[in-house]
Amino acid sequence: MLAANKPTEALAPLARAAELEPTFALHHWNLAATLHQLGDRDATCRALRAFITTSATPSGLAADPDQPARVGLALRMVAELERAPRLHRAPRRRDRRSRARAAK
């Protein structure tokens, strides 16, 4: 479903796969990709963290030549996702004294 660009339909099976095989890193990677497509920033970050953690002790992925690049991308994405909310905070409201000074 993910390859067919149907992330909504892919979400439940991928979440279930990650639940059933929590040490298999690619389940978390695919889940993160799906959540990212759906715009769920917090869940994407959690899935990427799980991917990074499970990649530290790979099960069946040792021979995968793409794994180091995926881990690097996941680390960059987590850093970006964690930083993004700070960049999009609502502007601070001025206190009464600041408003009074600005009005003068």
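## A buried polar residue in α4

In this predicted model, Gln67 counts as buried because its relative accessibility is 7%, which falls under the 20% limit for that class. Gln67 is found in helix α4. The side chain of Gln67 is joined to that of Ser55 by a polar contact of 2.7 Å.

Helix α4 spans residues 67-87, and helix α3, which covers residues 41-56, includes the position of Ser55.

## The nonpolar core

The largest nonpolar core comprises 18 residues. Trp29, Leu31 and Leu48 are the members with the most contacts inside this core. Four helices each supply two or more residues to the core: α1 (7-20), α2 (25-38), α3 (41-56) and α4 (67-87). The greatest contribution comes from α2, which gives six residues.

The surroundings of Leu31 can be described in detail. When residues up to four places away in sequence are not counted, Leu31 touches Leu11, Leu14, Ala15, Ala18 and Ala47.

## A salt bridge within α1

Side chains of opposite charge can pair when their charged atoms come close. The structure holds two salt bridges. One of them joins Glu19 and Arg16, with the closest N and O atoms 2.8 Å apart. Both residues belong to helix α1 and are separated by three residues, about one turn of the helix.

The two partners fall into separate accessibility classes. Glu19 counts as exposed because its relative accessibility is 55%, and the exposed class begins over 50%. Arg16, at 43% relative accessibility, counts as partly exposed.

## A salt bridge between α3 and α4

Arg49 forms a salt bridge with Glu82, and the closest N and O atoms of this pair are 2.4 Å apart. Arg49 lies in helix α3 and Glu82 in helix α4, so this salt bridge ties together parts of the chain that are 33 residues apart in sequence.

Both ends of the bridge are partly exposed: Arg49 has a relative accessibility of 38%, while Glu82 has a relative accessible area of 39%. These values place Arg49 and Glu82 in the partly exposed class because that class lies between the 20% and 50% limits.

## Summary of the side-chain links

Helix α4 takes part in several of the features described. Gln67 is found in this helix and makes a polar contact with Ser55. Glu82, also in α4, is tied to Arg49 of α3, and α4 gives two or more residues to the largest nonpolar core.

Definitions and conventions. Residues numbered from 1 in each chain as written. Predicted model: local features only at pLDDT ≥ 70, side-chain atom pairs only at ≥ 80, totals over all residues. Heavy atoms only, no water. Core = buried A, V, L, I, M, F, W, Y, C linked by side-chain atoms within 4.5 Å. Buried < 20%, exposed > 50% of the residue type's maximum accessible area, 1.4 Å probe, protein only. Contact = heavy atoms within 4.5 Å. Salt bridge = Lys/Arg side-chain N within 4 Å of Asp/Glu carboxyl O. Polar contact = N/O pair within 3.5 Å; in protein donor to acceptor, adjacent residues only side chain to side chain.
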